[in-house]
Amino acid sequence: MSKSQDEVPDEVENQFILRLPLEHACTVRNLARSQSVKMKDKLKIDFLPDGRHAVVEVEDVPLAAKMVDLPCVIESLRTFDRKTFYKTADISQMLVCTADGDIHPSPEEPAASTDPNIVRKKEREREKKYVWKHGITPPLKNVRKKRFRKTQKKVPDGKEMEKSSFTEYIESPDVENEVKRLLRSDAEAISTRWEVIAEDGTKEIESQGSIPGFVISSGMSSHKLGHTLSVMEIQKQIEKKEKKLHEIQNKAQRQKDLIMKVENLTLKNHFHSVLEQLELQEKQKNEKLISLQEQLQRFLKK
């Protein structure tokens, strides 16, 4: 059945934390525990049109309140037997009440400029006023500054350190853009090479994208370049297949050792079934590896 147009739409449950002064918090806590129907008359929350300010009345005592954004999203849970808990909502805001605040704050002036950049800047500055820098427990005081600090720039050399006497920081989006730029340059590179540095400082070459006998020059034709890149790609696939095949062979050898040691018939049957699967995988990997090696030989003969 379709709902009539006059019917009020269903409202999605939205939760926030209500933080009150100590004496009023005790009163509200006692009202909530008593489950009295009079609680609606003794606790009232009226939001102002901006959605960021409100007036909270606790037993006819008005309190100024401001809606702030928490450093991260937290979950609210509900239980009936103190054993099983059900998640009811995600909470990202808190309504902070004060007894000495302005109950009716002056409305904020809208941005006079029509420039979208200036409007966005004003909007960000306005939102910063409602950012809560603490958590909801004492150990999380100044948590936004401690755990969500700006990303530090790369340490400059000695001359630059002399010129700059303070630590510079950059925002995370700048770091992400730099990472994307580096990834794009890696994708456009003709060959790649990386190393694994051990704890003792020795370097071991992990992989090298260059091919013996193929020297890539600036005047190389597009056909030859494409041929070289195809060979490099096949070599990379061969390296991956050999590594995977070596892992399967090691697992198969461990299964054989277990079969020799175990006397329980059920366990032996289980290990035999696992060994058969590994041998099947080894056969498939060998076939793919031989096919790639033949393909590489054909490319090298061209």
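## The protein overall

Out of 302 residues in the protein, 19% count as buried. Keep in mind that this is a predicted model. The chain folds up into eight helices and nine strands.

On the surface side, about 24,300 Å² of the protein is exposed, and carbon and sulfur atoms account for 52% of that area. As for contacts, take those between residues at least 6 apart in sequence: 51% of them link residues that are at least 24 apart.

## Strand β3 and its cover

Let's zoom in on β3, the strand that covers residues 53–58. How much of β3 is buried? Five of its six residues are, so the strand is mostly covered, with buried meaning under 20% relative accessible area.

β3 pairs with β2 through five bridges, and with β4 through six.

## The β2 side

Strand β2 takes in residues 43–47, and its pairing with β3 is antiparallel. To find the register, look for Phe-47, which sits opposite Ala-54 of β3.

The two strands make a hairpin, with five residues lying between β2 and β3. One of the residues in that turn is Gly-51, and its phi is positive, at about 75°.

## The β4 side

On to β4, which spans residues 61–79 and also runs antiparallel to β3. Here the register can be read from His-53, which stands opposite Lys-66 in β4.

This pairing is a hairpin as well, with two residues between β3 and β4. Which residue of this hairpin has a positive phi? That's Glu-59, with a value near 55°.

## An aromatic pair

Back to Phe-47, the β2 residue that faces Ala-54. The count of aromatic pairs comes to one. The partners are Phe-16 and Phe-47, with ring centres 6.0 Å apart. Why is the pair called edge-to-face? Because the ring planes meet at 85°, and anything over 60 degrees goes in that class.

Phe-16 belongs to the segment before β1 (17–19), while Phe-47 belongs to strand β2, so the pair ties together parts of the chain that are 31 residues apart in sequence.

Are these two rings' residues buried, exposed or in between? Phe-16 has 29% relative accessibility and counts as partly exposed. Phe-47 has 38% and also counts as partly exposed. Both land there because the partly exposed class runs between the 20% cut-off for buried and the 50% cut-off for exposed.

Definitions and conventions
Residues numbered from 1 in each chain as written. Predicted model: local features only at pLDDT ≥ 70, side-chain atom pairs only at ≥ 80, totals over all residues. Heavy atoms only, no water. Buried < 20%, exposed > 50% of the residue type's maximum accessible area, 1.4 Å probe, protein only. Helix = DSSP H or I, 4+ residues; strand = E, 2+ residues; numbered from the N terminus. Pairing = 2+ DSSP bridges. Contact = heavy atoms within 4.5 Å. Areas by Shrake-Rupley, 256 points an atom, 1.4 Å probe, with all protein chains shown as cover. Phe/Tyr/Trp six-rings, centres within 6.5 Å; stacked < 30°, edge-to-face > 60°.
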